[in-house]
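Start with the sequence and the model below. The text then walks from the ligand out to the fold around it.

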Amino acid sequence: MTKFEPKLFRLVYFSKISPAVRSRLPANVRSIQTVAQHRNRAVGVTGLLIAADGFFAQALEGDQNAVEETFSRIAKDLRHSLPAVVMQHSVPSRIFGGWSMSARQLSAEDSYIIQRLEERGGFNPALLNGESLLSLLSSVGTVHRARFDRQQKRVAYI
Ligand code: FAD
């Protein structure tokens, strides 16, 4: 049964990856994820981050104050710019509950998603509404569930 959490909140945003980060994207995504997993775990925030076509998109879930405080830190980070919140509201349950922060740079392995996006003109989150961006993040979470579970186990033993 899904655990009921009072004041559970979800925020979804996208942003433009800064040029310096784009040139070393895999290493940057790993280092963002490592910090995010530790900090989020301490405050009960969970979520998923993806990077593709020059954009980040991320979902954050948890207590409203914790999500807003985390996002205000993220929004000031110079590794990306122009963060645009496309969804923020109370929710009855988590979608990314197992992961303090899962992360993925979309690659050839994600062709099923990339194809869907290409039909809409590529990964331009500005053309997606909040529901479509959440649905994209959720699909990535479903397809890579086993991989994200392993990422989460590794962090538990650091
Ligand atoms: P410090 O580590 O003290 O750094 C101060 C500032 O320097 C930060 O605000 C940041 O703007 C900048 N900074 C830090 N490291 C680098 C670097 N390697 N290169 C360039 N600038 C840097 N943090 C979370 O806690 N949870 C998340 O879910 C999360 N998701 C993120 C998603 C994205 C797309 C990005 C870019 C960052 C994310 N972060 C996340 C990291 C977050 O922005 C902060 O860097 C981190 O939380 C540490 O916060 P701090 O105030 O202790 O900053």
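**From the ligand to the sheet**

A polar side-chain atom of D77 sits 2.6 Å from an oxygen atom of the ligand. This is a predicted model, and the distances in it are computed from its atoms.

Two arginines make similar approaches. R39 places an N or O atom of its side chain 2.7 Å from a ligand oxygen. For R79, the distance from a polar side-chain atom to an oxygen atom of the ligand is 3.1 Å. On its own, the ligand has 890 Å² of accessible area, and the protein covers 67% of that.

Which elements give two or more residues to the shell around the ligand? They are helix 2 (25-43), strand 3 (55-63) and helix 3 (64-75). Helix 2 gives the most, with 5 residues. In total, 19 residues surround the ligand. Of these, R39, N40, Q58, R73 and D77 come nearest. By type, the shell holds 10 nonpolar, 4 polar and 5 charged residues.

Now turn to the sheet. It is open and has 5 strands, in the order 4-1-3-2-5, with mixed pairing. Strand 4 (80-90) and strand 5 (102-105) are the edge strands, and each pairs on one side only. From one strand to the next, the twist averages 10 degrees.

Look next at strand 1 (residues 8-17) and strand 3. These two run antiparallel and are joined by 9 bridges. Y13 has Q58 of strand 3 as its bridge partner. Q58 is also one of the residues that come nearest to the ligand.

How do the helices sit against these strands? Helix 2 packs on the sheet. It touches strand 1, strand 2 (46-52), strand 3 and strand 5. The direction of helix 2 makes about 175 degrees with that of strand 5. Helix 3 lies across strand 1, strand 3 and strand 4. Its course runs at about 155 degrees to strand 3.

Put the two views together. Helix 2 and helix 3 each give two or more residues to the ligand shell. Helix 2 also packs on the sheet, and helix 3 lies across three of its strands, strand 1, strand 3 and strand 4.

Technical notes: Residues are numbered from 1 along each chain as its sequence is written. This is a predicted model: local features need pLDDT of at least 70, side-chain atom pairs count only at pLDDT 80 or more; totals for chains, interfaces and linings use all residues. Side-chain values use heavy atoms; hydrogens and water are left out. A residue is near a molecule or strand if one of its heavy atoms lies within 4 Å of it. A polar contact is a pair of N or O atoms within 3.5 Å; within protein, one must be able to donate a hydrogen and the other to accept it, and residues adjacent in sequence count only if both atoms are side-chain atoms. Accessible areas come from the Shrake-Rupley method with a 1.4 Å probe; for residues, only the protein chains shown count as cover. Helices (H or I, at least four residues) and strands (E, at least two) are DSSP runs, numbered from the N terminus. Ala, Val, Leu, Ile, Met, Phe, Trp, Tyr, Cys and Pro count as nonpolar, Asp, Glu, Lys and Arg as charged, and the others, Gly among them, as polar. Two strands pair if DSSP finds at least two bridges between them. Axes are lines fitted to C-alpha atoms, for helices over the stretch in contact, and angles run from 0 to 180 degrees between N-to-C directions. Contact means heavy atoms within 4.5 Å.
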